[in-house]
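Welcome! Let us take a short walk through the charged side chains of this model and see which ones pair up.

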Amino acid sequence: MSNYNMDTKCVQAGYRPGNGEPRQIPIIQSTTFKYATSEDMGKLFDLEASGYFYSRLQNPTNDYVAAKIVELEGGAAGMLTSSGQAANFFALFNICENGSHIVSSSSIYGGTFNLIAVTMAKMGVEVTFVSPDCTEEELDAAFRENTKAVFGESIANPALTVLDIEKFAKAAHSHGVPLVVDNTFPTPVNCNPIAWGADIVTHSTTKYMDGHGAAVGGAIVDAGKFDWMAHAEKFPGLCTPDESYHGITYAEKFGKEGAFITKCTSQLMRDLGCIQSPQSAYILNLGLESLHVRMARHVENGQAVAEFLSRQPQVAYVNYPGLKEDKYYETARKYMPKGGCGVVSFELKGGRQAAETFMKHLKLAAIETHVADARTCCLNPATSTHRQMTEEQLKAAGVPAGLVRISCGLEDKEDLTADLGQALNAI
Ligand SMILES: *Cc1c(COP(=O)(O)O)cnc(C)c1O
């Protein structure tokens, strides 16, 4: 399918049924798979043949859907995981170990920040956070001898900063390590990190890819471009024999295109088992079939809501990379010319009290700790996710008490702005 355009791939890439086979992806609801001889199965265990033996590691339904996401991102191989958290953990831990170091943008999803700064730290993986706006020199200075990867989000949740992917890719490659980009918010429909130098792309498919708030999931795509063997001393897991697989060296046996995902499946999935259920993969694929249609509408609604809010007297400022006055407008135009996503954040001048009144009066936008689905939803971090913080702590964290994040769904944009307008008037 690689010669087709994005919209066609969203609908048809991945599963290609043969004569008389089901038109829709079959849900292979089976933990295990049957073989005629022990020898046949032994070949699978030795990674000498490809096939399925146990759904903790791999399942055909998942692989159909992963193959579609690989095509959308322009990668070489991919896999689904049980969540976006699992995708980011696997993508990093596949090349890191006790004693490794990561350089990460500081502007990332709170769950990922915690994963890297707290949980992976307990595993002996250190991190240096850098501002996404840092200079090339500052970025360069963050690297160490034991750095194994660079991480960032194409559009950060919830700060809506836009990553200068080329800058981060150049720094990563000059230090002989890959760039991992979480592309959840713009999705491959609006941004293609691999084309700008990213080596590994991750997703919380829970967000726009599913798009209906129906199934938690994640995905990892490997561009297949990073030359592990050229930096063999940094990546012993890929470049030296794996004794748990009879001494296979992944980078030798599976090459640049296959080594990363094969190791991630056969070691991390085997040992940690964070696989997506085939039911969820099926639901995810239904979302992917309309991703290109939905993203355009999310962007249209996000733009209309951002422009509307920026004209309201009760609003101090609006963050949205599609606004000309936004700090990331030019970066977004370069990396996502069709627009970014439908998430907008803004601060109400009246602080916490104003935010509470505003949210109480919304009729269409529901209060949820979620983003990126068909129904508009919003959140005031100060009274929900950041509730335990004082006014001073909120300010220091860049989350003022009057900040509201709104994820614009697929409703009519005039209905949305009218709803926001009447709720603003109630303040
Ligand atoms: C939600 C989110 C995650 C975590 O994904 P889950 O599916 O909730 O585990 C990771 N990265 C980004 C950018 C997200 O928005």
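The model you are looking at is predicted. A good place to begin is Asp271, which forms a salt bridge with Arg270; here the closest N and O atoms are 2.7 Å apart. How accessible is Arg270? Its relative accessibility is 24%, so Arg270 counts as partly exposed, a class that lies between the buried limit of under 20% and the exposed limit of over 50%.

This pair has company, for the count comes to 9 salt bridges. One of them joins Glu126 and Arg144, with 2.8 Å between the closest N and O atoms. Now find the two partners along the chain: Glu126 belongs to strand β3 (residues 126-130), while Arg144 sits in the loop between α6 (136-141) and β4 (147-153), so this salt bridge ties together parts that are 18 residues apart in sequence. Glu126 is partly exposed, its relative accessible area being 43%. Arg144 is partly exposed too, at 38%.

Next, look at helix α6 itself. Which side chain does Glu136 meet in a salt bridge? The partner is Lys170, at 3.0 Å from N to O. Because Glu136 lies in helix α6 and Lys170 in helix α7 (residues 165-174), the pair ties together parts that are 34 residues apart in sequence.

The two partners fall on either side of a cut-off. Glu136, at 44% relative accessibility, counts as partly exposed, whereas Lys170 reaches 53% and counts as exposed, because the exposed class begins over 50%.

How values were computed:
Residues are numbered from 1 along each chain as its sequence is written. This is a predicted model: local features need pLDDT of at least 70, side-chain atom pairs count only at pLDDT 80 or more; totals for chains, interfaces and linings use all residues. Side-chain values use heavy atoms; hydrogens and water are left out. A salt bridge is a side-chain nitrogen of Lys or Arg within 4 Å of a carboxyl oxygen of Asp or Glu. Helices (H or I, at least four residues) and strands (E, at least two) are DSSP runs, numbered from the N terminus. Buried means under 20% relative accessible area, exposed over 50%, partly exposed in between (1.4 Å probe, protein chains only).
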